Amino acid sequence: MPFDWNRYATLADEWKESQRQELLRCSISRAYYAFYNSIRIKKGIPTKKQPHKIVIEKLSENNDPEEIELAKLLKDLQEIREIADYDGVQEIDGRYTERFFTRLTAARELCLEILP
Amino acid sequence: MPFIATPPPTESTEFGKGKLNPQVQLIYSISNKPDMSNSALESSCVFDFWKSNLTSKVLTDYNLTETLVEYGIEISDKEEVSTFLSENPDLIELILISKKYISKYFEDFKLQLDTHQDSIDGFQSLNLFILNNLTAEAALKAERELFRGWLLPYYAKFDGKLNIREKYSNAF
């Protein structure tokens, strides 16, 4: 049975209000992957070479304004997630996490509208 | 003025030091861009040089990043931004006109340019951050209105190589 990526989202929700930076970082990372994988699966893209880039390109290929906006939001989220995963200098605090989740919520809503 | 095909200059020119190489001055004196209809020109090494090097070299020469800073844009890494823009000169005009459009959606803001390289795919892009102290919801709303109202066709045209994104800053 395939893994349910929403379990990542559940973990992310549990950690996103934490005062511990390591949990905020994990929360951002898991929430991103839950969302990214949901779009990747909806678009029928396997996890082979350059999957993130391919998902973003796939969303942009029809020149549909809403899909292009979703591609942009996904790329934004990816970049914000990369800082949480790799940048040990930047402090990941509640404000940073809140901005990530605000963007993620907007992206999820747009995704539900255009990729039901 | 007749076209003179001469070998491209080496990298030891005075580019980037505030002084144009005489050969580049010559190309510029012929026209701002070599005539594409001229087959001799198209096949010449000077044309190849113009295509591959002139734009970036001239931009460096005119100190593009300093111009952007004077325009009110903070730049985290001038060398990286300069290199990226010299490889993607079509983005410069877009950056320069962006302030006018951003000010329609954001009241108090500062601009910051930074390159980004994807850690997995290696794809490089340029981020123009709108530094602001709005709430997360208000800032994202304004950013999305800016995207839908202005940036979207350019974002698509340049394959996301220039992104404009809001970012919190307490420097207000």
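Reader: How many disulfides does the rule give over all chains?

Author: A disulfide is taken to be a pair of cysteine sulfur atoms within 2.5 Å, and by this rule the count over all chains comes to 0. This is a predicted model, in which local features need pLDDT of at least 70 and side-chain atom pairs count only at pLDDT 80 or more, whereas totals for chains, interfaces and linings use all residues. Residues are numbered from 1 along each chain as its sequence is written, chains are lettered from A and ligands numbered from 1 in the order in which they are written, and side-chain values use heavy atoms, with hydrogens and water left out.

Reader: Is Cys111(A) buried or exposed?

Author: Relative accessible area sets the class: buried is under 20%, exposed is over 50%, and partly exposed lies in between, with a 1.4 Å probe and protein chains only. Cys111(A), at 2%, is buried, while Cys26(A), at 35%, is partly exposed.

Reader: How many helices and strands are there in chain B?

Author: Such elements are read as DSSP runs, helices being H or I over at least four residues and strands being E over at least two, with numbering from the N terminus. Chain B has 7 helices and 4 strands, and from the N terminus on they follow the order α-α-α-α-β-α-α-β-β-α-β. The chain has 172 residues, of which 43% are buried. When a contact means heavy atoms within 4.5 Å, residues 24 or more positions apart account for 63% of the contacts in chain B that have a separation of 6 or more.

Reader: Where does Asp159(B) lie, and what is its phi?

Author: Asp159(B) sits in the loop between helix H7 (136-157) and strand S4 (162-168) of chain B, and its phi is near 50°, a positive value in a residue other than glycine. Asp159(B) is exposed, with a relative accessible area of 60%. In chain A, Asn63(A) belongs to the loop between H3 and H4, where its phi is near 60°, also positive in a residue other than glycine, and it is exposed at 57% relative accessible area.

Reader: How should the interface be read, and what area is buried between chain A and chain B?

Author: Buried area is the accessible area, for a 1.4 Å probe, that two parts lose on being put together, summed over both; between chain A and chain B it is about 2,400 Å², with carbon and sulfur atoms giving 51%. In terms of residues, 25 of chain A are in contact with 30 of chain B. A polar contact is a pair of N or O atoms within 3.5 Å, where within protein one must be able to donate a hydrogen and the other to accept it, and residues adjacent in sequence count only if both atoms are side-chain atoms; between the two chains there are 16 residue pairs in polar contact, both residues at pLDDT 80 or more.

Reader: Which helices of chain A each supply at least two residues of the side that touches chain B?

Author: They are helix H3 (51-60), helix H4 (65-86) and helix H5 (94-114) of chain A. H4(A) gives the largest share of this side, 13 residues. By class, the side of chain A that touches chain B has 10 nonpolar, 4 polar and 11 charged residues, where Ala, Val, Leu, Ile, Met, Phe, Trp, Tyr, Cys and Pro count as nonpolar, Asp, Glu, Lys and Arg as charged, and the others, Gly among them, as polar.

Reader: How many salt bridges does the rule find across the interface of chain A and chain B?

Author: A salt bridge is a side-chain nitrogen of Lys or Arg within 4 Å of a carboxyl oxygen of Asp or Glu. The rule finds 8 across this interface, and 18 over all chains of the whole structure. One of those between the chains pairs Arg144(B) with Glu69(A), whose closest N and O atoms are 2.8 Å apart.

Reader: With which residue of chain B does Asp76(A) form a salt bridge?

Author: It is best to begin within chain A, where Asp76(A) forms a salt bridge with Arg103(A) at 2.8 Å between the closest N and O atoms. That pair links distant parts of the chain, 27 residues apart, from Asp76(A) in helix H4 to Arg103(A) in helix H5. In chain B the partner of Asp76(A) is Arg165(B), with the closest N and O atoms 3.7 Å apart. This pair crosses between chains, from helix H4 of chain A to strand S4 of chain B, and both Asp76(A) and Arg165(B) are buried. Through shared partners, salt bridges join Lys72(A), Lys75(A), Asp76(A), Glu79(A), Arg99(A), Arg103(A), Glu143(B), Arg165(B) and Glu166(B) into one network.

Reader: How many residues apart are Lys75(A) and Glu79(A) in helix H4?

Author: Lys75(A) and Glu79(A) are 4 residues apart in helix H4 of chain A, about one turn of the helix, and their side chains meet in a salt bridge of 2.8 Å from N to O. Both residues are buried.
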